[in-house]
Amino acid sequence: MNLTTGFEKFLGKVNLDDTRIKRLITAHNGLRDALVADVEVKKFYKNDYLQGSYALKLGIKPISGGEYDVDIILELNLKDDKGNYVMDGYNTLHWLYNILKEMPAYKDKVDYPKKRAIRITYAKDLRLDISPVHFKNENDPVEIVPDWKLTNPKGFKQHCIDTNKASYNKFYYVTRMLKYLRDIHLGVGCHPKSILLTTLISKHITNKEG
């Protein structure tokens with residue numbers, strides 16, 4: 001077995017399998033469609049999109065029965081014409097939680113608001129995390145609820161795309177591999193967060209071909 005073949009075999013253990021990917025796609029599309037169709041959400045809705053490891057092509061197969069997930073950004077216009085917030089941060093989280101609690105498909109799956117997200121938990125270790133944010137302008141950082149801190153998920157996604165291209169498509173593979181090794185050696189819940197590890201790798205990965 002040569003090095004390339006061995007590496008590809010190892011990635012087969014690391015990468016999300018087709019069954020999990022299909023479940024993720026069905027789950028996040030169903031939830032996003034339900035939110036867009038909701039009368040209350042429509043009053044504030046601007047956009048929705050994926051973020052996190054799955055959206056960045058950095059998702060890995062969970063080990064030891066761990067969860068696999070999708071992170072969803074829900075962009076809302078949460079200010080009135082005078083620039084005042086129509087709801088404070090915690091009220092926004094509870095507002096979204098109550099909307100999901102009234103939907104038959106999610107009333108038994110929705111968890112009480114976490115720090116910055118509402119979680120939908122499915123059987124077989126699948127979950128969706130929805131983070132409401134205040135939309136400002138297209139391609140600008142958004143203000144994440146509940147503390148209104150600026151974040152730029154679109155910018156970070158583009159950074160990962162650019163880094164992968166500059167590394168001759170090594171960045172995605174190397175990051176998934178190191179995340180998997182991290183989970184094996186450190187265990188889920190006590191390891192460096194994925195966004196920190198991903199950022200460190202992006203700063204140090206080679207830009208040489210071969």
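This is a short tour of a predicted model, going from its strands to its helices.

Local features need pLDDT of at least 70, side-chain atom pairs count only at pLDDT 80 or more, and totals for chains, interfaces and linings use all residues. Residues are numbered from 1 along each chain as its sequence is written, and side-chain values use heavy atoms, with hydrogens and water left out.

**Stop 1: strand S2**

Select residues 68–76, strand S2. Strands (E, at least two residues) and helices (H or I, at least four) are DSSP runs, numbered from the N terminus. Seven of the nine S2 residues are buried, so the rest of the structure largely encloses this strand. Buried means under 20% relative accessible area, exposed means over 50%, and partly exposed lies in between (1.4 Å probe, protein chains only).

Now add strand S1, residues 45–51. S1 and S2 pair in the antiparallel sense, over six bridges. Pairing requires that DSSP finds at least two bridges between two strands. Pick Leu50: its bridge partner in S2 is Ile72.

Add strand S4, residues 126–134. S2 and S4 pair in the parallel sense, over nine bridges. Pick Asp71, and find its bridge partner in S4, Asp129.

**Stop 2: Ile144**

Move to strand S5, residues 142–144, and select Ile144. Is Ile144 buried or exposed? Ile144 is buried, at 9% relative accessible area. Show its contacts (heavy atoms within 4.5 Å). Beyond neighbours within four places in sequence, Ile144 touches Arg116, Pro132, Val133, Lys149 and Thr151. Draw a C-alpha to C-alpha distance to Glu75: it reads 9.3 Å, across 69 residues of sequence.

**Stop 3: helix H8**

Select residues 194–204, helix H8. Leu197, Thr198, Ile201 and Ser202 are buried here. Look down the axis: the buried residues of H8 fall within an arc of 135 degrees, so they line one face of the helix. That arc is taken from the directions from the helix axis to the C-beta atoms. An α-helix has 3.6 residues a turn, so residues three or four places apart point the same way. Turn to the other side of H8, where Leu196, Lys203 and His204 are exposed. Back on the buried residues of H8, the cover includes helix H6 (153–166) and H7.

**Stop 4: helix H7**

Select residues 171–186, helix H7, and pick Ile184 within H7. Ile184 counts as partly exposed because its relative accessibility is 44%. Add Leu178 and Leu181: with Ile184 they form a nonpolar surface patch of about 220 Å² accessible area together.

Methods: Patches are made of residues with over 30% relative accessible area and no salt bridge: like charges are joined within 9 Å, nonpolar side chains (Val, Leu, Ile, Met, Phe, Trp, Tyr) within 5 Å. Accessible areas come from the Shrake-Rupley method with a 1.4 Å probe; for residues, only the protein chains shown count as cover. A salt bridge is a side-chain nitrogen of Lys or Arg within 4 Å of a carboxyl oxygen of Asp or Glu.
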